[in-house]
Amino acid sequence: MAREDYPTANPFVPEERDLESMAEAARHCRGCPLWQGATHVVFGEGPEDAEIVLVGEQPGRREDETGRPFVGPAGQALDRALEEVGVDRNQIYITNAVKHFKSKRSNGTRQGVTPRVAEINACNPWLQAELEQIDPRIVVAMGTVAARSLAGRALSIGETREQWLHTQWGQELIVTFHPSASIRAMSNERREQIFEAIVYDLQRAKIGGAGEELRR
Ligand code: URA
Ligand code: SF4
């Protein structure tokens, strides 16, 4: 696909940078073609003074229907992990690297399709604007799409999840698995391992630099 088919969300991001006006403006974003197949834009949700920002991949089917992030099965897995860590979902900001649902039809339903790098890049100005506005203590990338968008390069979750990294804009960053991996992994054992890893990483995000103390 030609590069000009994927310009950027930049011209759609308003000068006025409060979260509410950004969420409203994102409804009219045409920064890449993904808006065409989606029902709702799914902007981030949470308080402007959140200390922790969690970033997922893109909306799923339930999110596309409701316009809210992480309300489907992946959201339920995330809620369980947050509960285990003792983090109140209402006190953190939850968003996605890509704000419109990318899907294909399969057996009469819409299946999510991983966004391309060009689409991740096109949507990146929204994520940058959210982070500038919130100025969180720590950002958590859940999965490779979020990690790419935040770090500005491809990262392996397995290789980097125990590290303290930085986003391309300078915020502290940790990477973890995407919650849907804790539902979709092949074996029970692997699902459990991934869930525990997410819990561990969220715990690190919660307590900041003292992550080493958590090692079991
Ligand atoms: N998966 C994501 O990455 N984000 C959502 O909001 C829902 C599912
Ligand atoms: Fe804009 Fe992002 Fe939606 Fe593309 S996916 S139209 S860049 S909000």
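**Close-up views of the two ligand sites**

**View 1. Ligand 2 in its cavity.** In this predicted model, ligand 2 sits in the largest cavity. Have a look at who lines up around this ligand: the surrounding residues include Ala-9, Cys-29, Gly-31, Cys-32, Leu-34 and Trp-35. Also around ligand 2 are Val-98, Lys-99, His-100, Ala-122, Cys-123 and Trp-126.

**View 2. The character of the shell around ligand 2.** Which classes of residue make up this shell? Nine of the residues are nonpolar, two are polar and one is charged. Trp-35 and Trp-126 are among the residues to look for here, as are Cys-29, Cys-32 and Cys-123.

**View 3. Ligand 1 in its pocket.** Ligand 1 sits in the largest pocket. Around ligand 1 you will find Gly-56, Glu-57, Gln-58, Gly-60, Glu-63, Pro-69, Phe-70, Ala-74, Asn-96 and His-178. By class, this shell holds five polar, three nonpolar and two charged residues.

**View 4. Backbone contacts of ligand 1.** Zoom in on the polar atoms of ligand 1 and follow three distances to the backbone. A polar backbone atom of Glu-57 lies 2.8 Å from an oxygen atom of the ligand. At Phe-70, a polar backbone atom is 2.9 Å from an oxygen atom of ligand 1. For Gln-58, the partner is a nitrogen atom of ligand 1, 3.0 Å from a polar backbone atom. How much of ligand 1 does the protein bury? On its own the ligand exposes 240 Å², and the protein buries 93% of that area.

Definitions and conventions:
Residues numbered from 1 in each chain as written. Chains lettered and ligands numbered in written order. Predicted model: local features only at pLDDT ≥ 70, side-chain atom pairs only at ≥ 80, totals over all residues. Heavy atoms only, no water. Near = heavy atom within 4 Å. 1 Å grid on protein atoms, 1.4 Å probe; cavity = no way out; pocket = protein on both sides within 12 Å on 5 of 7 lines; lining within 4 Å. Sits in = over half its atoms within 2 Å of the grid points. Nonpolar A, V, L, I, M, F, W, Y, C, P; charged D, E, K, R; others polar. Polar contact = N/O pair within 3.5 Å; in protein donor to acceptor, adjacent residues only side chain to side chain. Areas by Shrake-Rupley, 256 points an atom, 1.4 Å probe, with all protein chains shown as cover.
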